[in-house]
Amino acid sequence: MGKGASEQTDAKDASSSKGDARPHTSEGFLHSEKYREHPIFKDIDQNEELLRKQFEKCSDVVFRPFALLGARKALIVYVDGLVDSKELEANILKPLTTAQGASAYGRDATLSTVEKYILPIANIEPIQTLSRTVTIILRWQVMLFVDGEEKALALSVSKWPQRAVTEPETETVIRGPREGFTENVRTSTALIRRRIHTPELKTESMQIGRLTQTQVVLCYIQGLIDDKLVEEVKTRLKRIEIDSVLESGYIEELIEDTPWSPFPQIQNTEKPDVVTALLLEGRFALLIDGTPFALVAPINLWGALASPEDYYERFLISTMIRWLRYTFALIALFLPALYVAITTFHQEFLPFSLLLSVAAARENTPYPAVIEALIMEFTFEAIREAGVRMPKAIGSAISIVGALVIGQAAVQAGIVSAPMVIIVAITGIASFTIPRFNFAIALRMLRFPVIILAGLFGIFGILFATICIVLHICSLRSFGMPYTSPITPLSIPNLKDTLFRAPWWAMRKRPYQSSKANLTRQSTAASPTHRIPGFKKQKEGSE
């Protein structure tokens, strides 16, 4: 193929790509219309020339020609750094080049002979098209070409640096599994498969991102999940046309129901046990290569305030802690606004002695309560963000010392009052009790407009903000499931895992909204009537 011919090919490829919304350079000319389904050439030199042109100026792509069993020309192509070089030499080059292989199978051995009898590799895939070979090379595998063959072999000897399975830092627990997902999607699927030993666990893989070709794995349990939900998530994923997917947040924003809402409609987690539990409730999970955060949907409001430990501790303890979280979630959202509204418009709500103390503390404060609250909230958020971004060894110390020093100095300087510092500190502590980071962020965002409305209209502003938030939450859907279910719409059997956590022996049914196909979770054999002597008689006597 001469220079003129190659220029004509480029011109044809460029013209064929006109009108396509995707950039021509995103996949290369071997993925153009001309070569997309083109079979591999029998002439190995022609294949090598096209691949070298495709990977021009790619110094990490290695072309290694050799003689197959000392006779036929052969070529392997791979990306240096993504392939185990020792395994490549021992299990590919050595068997294919030694005289022992030639004497055993003859010098005219075909690729089928190589695949079946010579290569000691578990994962071998025949490849028929040129465009597919490019994808395989970039997916960390070795391509083997042999002169005279109209196919090639994809050999899996991939290896690259990866992080070991460790405890997630963002979801620490006192009791429960300490394993967390890693950036390797196959390690993540293995952690789920280790917990669910059934072939009904399906893991469907797809590539999203024209340049990154990021592997996304859809996980669900067939027979528990609604088939319409599976088709819906597949449809939304197939609609995505983007250059790159570097983290699960890309996918989350592109498939969620209401992108303008501050409330998360898809849960992200690093914990395999959380994903497993939600899969067993008839939900689906998305694992994205390159990030340890999995996406799970559909979810509801009560799941955003639940912690994995709620299901590992005894139900009485879990229920008490859950009520504590609900209380502090309301405090995190409304406490500064209530303080502003009461001290500005509704002083009669305070006992007289407390009113005198607050008035004395605010006597030398130059700003109204709403400005004072906004200053302190912005300062607290800045300190919290600085603590997150600082090096871990000094981040927490900077946050604590910064809050103490700035708060004390602001009070002594008369910029803010001491009660306001106490209110902001309690609000900050309350926001830390929310287990889901993205839900806590939503409450922190909404806190500021609520404070402003309280400063303008008092209690009536807070009531107006509450009505707007409740209406918005009631209108949200997570892949069609109401965000406030099972309270609205009301489903009495599913209330066992909302405001309180019922004992495991009482939760016989899965949530109806997410698992319509198979609702039965367990039998009644573990209920107290079968394991506590005299319980059944006492129950019948009381009735």
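## Exercises on a predicted model

What covers the buried residues of helix 8 includes strand 6 (201–208), strand 7 (214–221), helix 9 (248–255) and strand 9 (284–288). This is a predicted model, so let's work through it with that in mind.

**Exercise 1.** Find out which residues of helix 8 are buried and how they are arranged around its axis.

*Solution.*
- Start with the length. Helix 8 has twelve residues (227–238), and at 1.5 Å a residue they should span 16 Å; the end C-alpha atoms are 17 Å apart, which agrees.
- Next, pick out the buried residues: Leu-229, Val-230, Val-233, Lys-234, Arg-236 and Leu-237.
- Now look down the axis of helix 8. The buried residues fall within an arc of 165 degrees, so they line one face.
- The general rule helps here: an α-helix has 3.6 residues a turn, so residues three or four places apart point the same way.
- Finish on the other side of helix 8, where Asp-227, Lys-228 and Lys-238 are exposed.

**Exercise 2.** Describe the surroundings of Thr-291: is this residue buried or exposed, and which residues does it touch?

*Solution.*
- Locate Thr-291 in the loop between strand 9 and strand 10 (294–297).
- Check its relative accessible area. At 4%, Thr-291 is buried, because the cut-off for buried is under 20%.
- List its neighbours. Leaving out residues up to four places away in sequence, Thr-291 touches Thr-182, Glu-183, Glu-247 and Ser-248.
- Look for polar partners. The side chains of Thr-291 and Glu-247 make a polar contact at 2.6 Å. A polar atom of the Thr-291 side chain also lies 3.3 Å from the backbone nitrogen of Phe-293.

**Exercise 3.** Work out how helix 14 and helix 17 are oriented to each other.

*Solution.*
- Take the geometry: helix 14 (residues 369–389) and helix 17 (residues 437–457) pack at about 170 degrees, with their axes 9 Å apart.
- Apply the cut-off: angles over 145 degrees count as roughly antiparallel. Helix 14 and helix 17 are therefore roughly antiparallel.
- Identify the contact residues. Helix 14 contributes, among them, Val-370, Leu-374 and Phe-378, while those of helix 17 include Phe-448, Ile-451 and Ile-452.

**Exercise 4.** Compare Lys-57 and Phe-479: what is phi in each, and is each one buried or exposed?

*Solution.*
- Recall the background: most residues other than glycine have a negative phi.
- Read the angles. Phi is near 65 degrees for Lys-57 and near 50 degrees for Phe-479.
- Place the residues. Lys-57 sits in the loop between helix 2 (44–54) and strand 1 (61–68), and Phe-479 in the loop between strand 11 (477–478) and strand 12.
- Check exposure. Lys-57 is exposed, at 82% relative accessible area, whereas Phe-479 is buried, at 9%.

Note on methods. Residues are numbered from 1 along each chain as its sequence is written. This is a predicted model: local features need pLDDT of at least 70, side-chain atom pairs count only at pLDDT 80 or more; totals for chains, interfaces and linings use all residues. Side-chain values use heavy atoms; hydrogens and water are left out. Helices (H or I, at least four residues) and strands (E, at least two) are DSSP runs, numbered from the N terminus. The expected span of a helix is 1.5 Å times one less than its number of residues. Buried means under 20% relative accessible area, exposed over 50%, partly exposed in between (1.4 Å probe, protein chains only). The arc is that of the directions from the helix axis to the C-beta atoms. Contact means heavy atoms within 4.5 Å. A polar contact is a pair of N or O atoms within 3.5 Å; within protein, one must be able to donate a hydrogen and the other to accept it, and residues adjacent in sequence count only if both atoms are side-chain atoms. Axes are lines fitted to C-alpha atoms, for helices over the stretch in contact, and angles run from 0 to 180 degrees between N-to-C directions. Angles under 35 degrees count as roughly parallel, over 145 as roughly antiparallel, 65 to 115 as roughly perpendicular and the rest as oblique.
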